[in-house]
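This report follows one residue and the strands around it. The sequence and the structure are shown first.

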Amino acid sequence: MLDCETHELLSGELKILQPSNSNCLRVNLDTMLLAYFTQDDNLKKNERVLELCTGHGAISLILAYKGFSLSACDINTDLIEIAKQNAKLNNLNINFFAQDVKNYKSWGKCEEYDRIVVNPPYFEQDMVQCSASEARALANNGVALSLESLLQAVKYLLRNRGKFDLIINTSRVSELLMMLEKMKMPAKKLRFVHANPSKESYICFVSAMKGAKTGVKILPPLFVKNEAGHDTSELGEAYK
């Protein structure tokens with residue numbers, strides 16, 4: 001297993017092992033916001049939830065700690081081992097497993113899950129220069145998983161009327177919306193995130209529903225900082 005450091009989540013309620021190597025991805029704002037937005041998107045305790053591209057499992061840890069039932073996978077076996085250690089460290093029952101999302105038919109059942117959550121690669125491999133670290137390249141640049149391949153897996157694994165929650169770079173929202181419509185999983189909610197009220201949005205929370213009618217609700221934006229440069233109260237809620 002990779003060398004790790006121990007950090008805290010949710011104001012010390014959870015402990016999490018993260019790779020010591022700075023080239024590996026750590027818990028960041030996207031992590032906390034996706035867990036927060038998913039809970040806020042009427043997530044029910046009895047839903048069967050799957051997190052794809054879980055990394056070392058932070059989002060699943062947060063949701064499981066809040067009382068939800070989780071399975072989670074990642075292509076990186078080292079990160080899955082860390083995720084399993086994190087579940088054990090916090091006495092949480094999470095089904096972490098190592099699998100390639102593209103091979104979804106070999107490990108998943110059709111319409112097995114009520115909700116799928118993912119923080120996908122922001123950019124396709126040919127859109128940016130790939131990161132030197134394999135783990136960071138897999139997470140950021142779509143080296144192992146394109147957006148289209150991800151959506152194909154989600155459509156197969158998600159039950160009819162099930163929800164799909166993700167955070168994506170704002171520059172790719174229009175592309176995502178077209179793909180979701182094509183696959184009959186239209187977006188139902190969008191919430192844009194801004195560094196502060198004077199900045200353009202840089203990431204967006206999207207909630208889609210398999211088999212739903214077309215029609216999307218634009219939620220109020222979330223600002224990370226207020227005009228005075230201080231963390232907003234809602235950002236603080238996401239870290240609780």
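His194 is found in strand E8, and in this predicted model the residue has a relative accessibility of 15%, so it counts as buried, the cut-off for that class being under 20%. A polar atom of the His194 side chain lies 3.2 Å from the backbone nitrogen of Ser201. Leaving aside residues up to four places away in sequence, His194 touches Lys199, Glu200, Ser201 and Tyr202, and also Pro221, Leu222, Phe223 and Val224.

The strand that holds His194, E8, spans residues 187-194 and forms a hairpin with E9, with six residues between the two strands. Strand E9 covers residues 201-209, and because eight of its nine residues are buried, E9 is largely enclosed by the rest of the structure.

Strand E9 pairs with E8 and is also joined to E7, which comprises residues 158-169. The table sets out these two pairings, each with one residue and the residue that stands opposite in E9.

| Strand paired with E9 | Residues | Sense | Bridges | Residue and its partner in E9 |
|---|---|---|---|---|
| E7 | 158-169 | antiparallel | seven | Ile168 and Cys204 |
| E8 | 187-194 | antiparallel | seven | Ala187 and Ala208 |

Taken strand by strand, E7 and E9 run antiparallel and are joined by seven bridges, with Ile168 opposite Cys204, while the pairing of E8 with E9 is likewise antiparallel over seven bridges, and there Ala187 has Ala208 as its bridge partner.

Technical notes
Residues are numbered from 1 along each chain as its sequence is written. This is a predicted model: local features need pLDDT of at least 70, side-chain atom pairs count only at pLDDT 80 or more; totals for chains, interfaces and linings use all residues. Side-chain values use heavy atoms; hydrogens and water are left out. Buried means under 20% relative accessible area, exposed over 50%, partly exposed in between (1.4 Å probe, protein chains only). Helices (H or I, at least four residues) and strands (E, at least two) are DSSP runs, numbered from the N terminus. Two strands pair if DSSP finds at least two bridges between them. A polar contact is a pair of N or O atoms within 3.5 Å; within protein, one must be able to donate a hydrogen and the other to accept it, and residues adjacent in sequence count only if both atoms are side-chain atoms. Contact means heavy atoms within 4.5 Å.
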